[in-house]
Amino acid sequence: MTNRFTRQRNRRETERRDSDQTTETADTVDEDDIDPSEVVRTGDGELIHEPTGLVLEDDQIDRGPEWRAFNHSERQSKSRVGAPTTQTMHDKGLTTQIDWKDKDAYGRSLSSEKRSQMHRLRKWQERIRTKDAGERNLQFALSETDRMASALGVPRSVREVASVTYRRALNEDLIRGRSIEGVATACLYAACRQEGIPRSLEEVTEVSRIEQKEIGRTYRYVAQELSLKMEPVDPKQYVPRFVSELGASEEVQAKANEIIDVTAEKGLLSGKSPTGYAAAAIYAASLLCNEKKTQREVADVAQVTEVTIRNRYQEQIEAMGVH
């Protein structure tokens, strides 16, 4: 017992002595004489004079959780916050949503009376999420964007960019006189190009309810009014996907890229459709690699005509000097 009290007393004296030394050191340091290069910021947000340990700024705010987790599943199970805000929803995901499952917090099924009550609550919840016609139109446009993006198989970053572009178009009053679906489709196509995701206008038209001519016209208008910077589409972006869908080898893919590089240097790419150019290069590469694919097979994958492939193919083999 005595030894334990002795150890505690010694420890308290040591701590008091260290505290006194720190105070004396801090008192002898003038903040005006401190070299800024010797000041460091710790992970807790403190500013400390490194040689003396003087704390210059101690505004500490711990923004992390109070719990600890050592893997992803533990973090997911302990987290008590909802999903992050997103531009893909008209309210940015900040409103409440009532789950469609008719079960309580313990997983037990609700009674028929409660199910009917929850059904009414869901209905009114959906109605009050939009306060006016403008928000209802925005909700419809963003849901259409999400539907088309899912059908195209593009990543979430493209959906976010498309949603932000549509909101900008709405703020600039570019929607007036045009269909909501048309502007939403044009914004999605613009987002694909900005993010470097190879999706042709024909592919976007397939998942849209708007004609290709109107989508192209609206896209050009939106890109011009919002000053969107669009780089020319590189045909090589389409090659991996087309080769994969054809079931061709990596040798064909490498040869097609080589054909595109060589012929583009000679100026053949100017004014040509990138999908048709890529399709013709793949067709030529399949012949050179003895993995013959028919023009019809390549045309179906690239969604171009056989005439386009034949024309581009002739130009490319002449430029390559292959006969």
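Reader: What is the volume of the largest pocket?

Author: The largest pocket holds about 230 Å³, a volume being the space filled by probe spheres set on grid points joined across faces, edges and corners. This is a predicted model, where local features need pLDDT of at least 70, side-chain atom pairs count only at pLDDT 80 or more, and totals for chains, interfaces and linings use all residues. Residues are numbered from 1 along each chain as its sequence is written, and side-chain values use heavy atoms, with hydrogens and water left out.

Reader: What makes a residue part of the lining, and which are closest to the centre of the largest pocket?

Author: On a 1 Å grid over the protein atoms alone, a pocket is an open set of points where a 1.4 Å probe fits, with protein on both sides within 12 Å along at least five of seven lines; lining residues have an atom within 4 Å of a point. Of the 14 lining residues here, Val233, Lys272, Ser273, Pro274 and Thr275 are closest to the centre.

Reader: Which residues of H13 are called buried?

Author: Buried means under 20% relative accessible area (1.4 Å probe, protein chains only). In H13, a helix being a DSSP run of H or I with at least four residues, numbered from the N terminus, Ile309, Arg312, Tyr313, Gln316, Ile317 and Ala319 are buried.

Reader: How do you know whether the buried residues of H13 line one face or not?

Author: Taking directions from the helix axis to the C-beta atoms, the buried residues of H13 fall within an arc of 155°, so they line one face of the helix. They pack against helix H10 (250-265), H11 and helix H12 (295-302), where contact means heavy atoms within 4.5 Å.

Notes
Buried means under 20% relative accessible area, exposed over 50%, partly exposed in between (1.4 Å probe, protein chains only). Helices (H or I, at least four residues) and strands (E, at least two) are DSSP runs, numbered from the N terminus.
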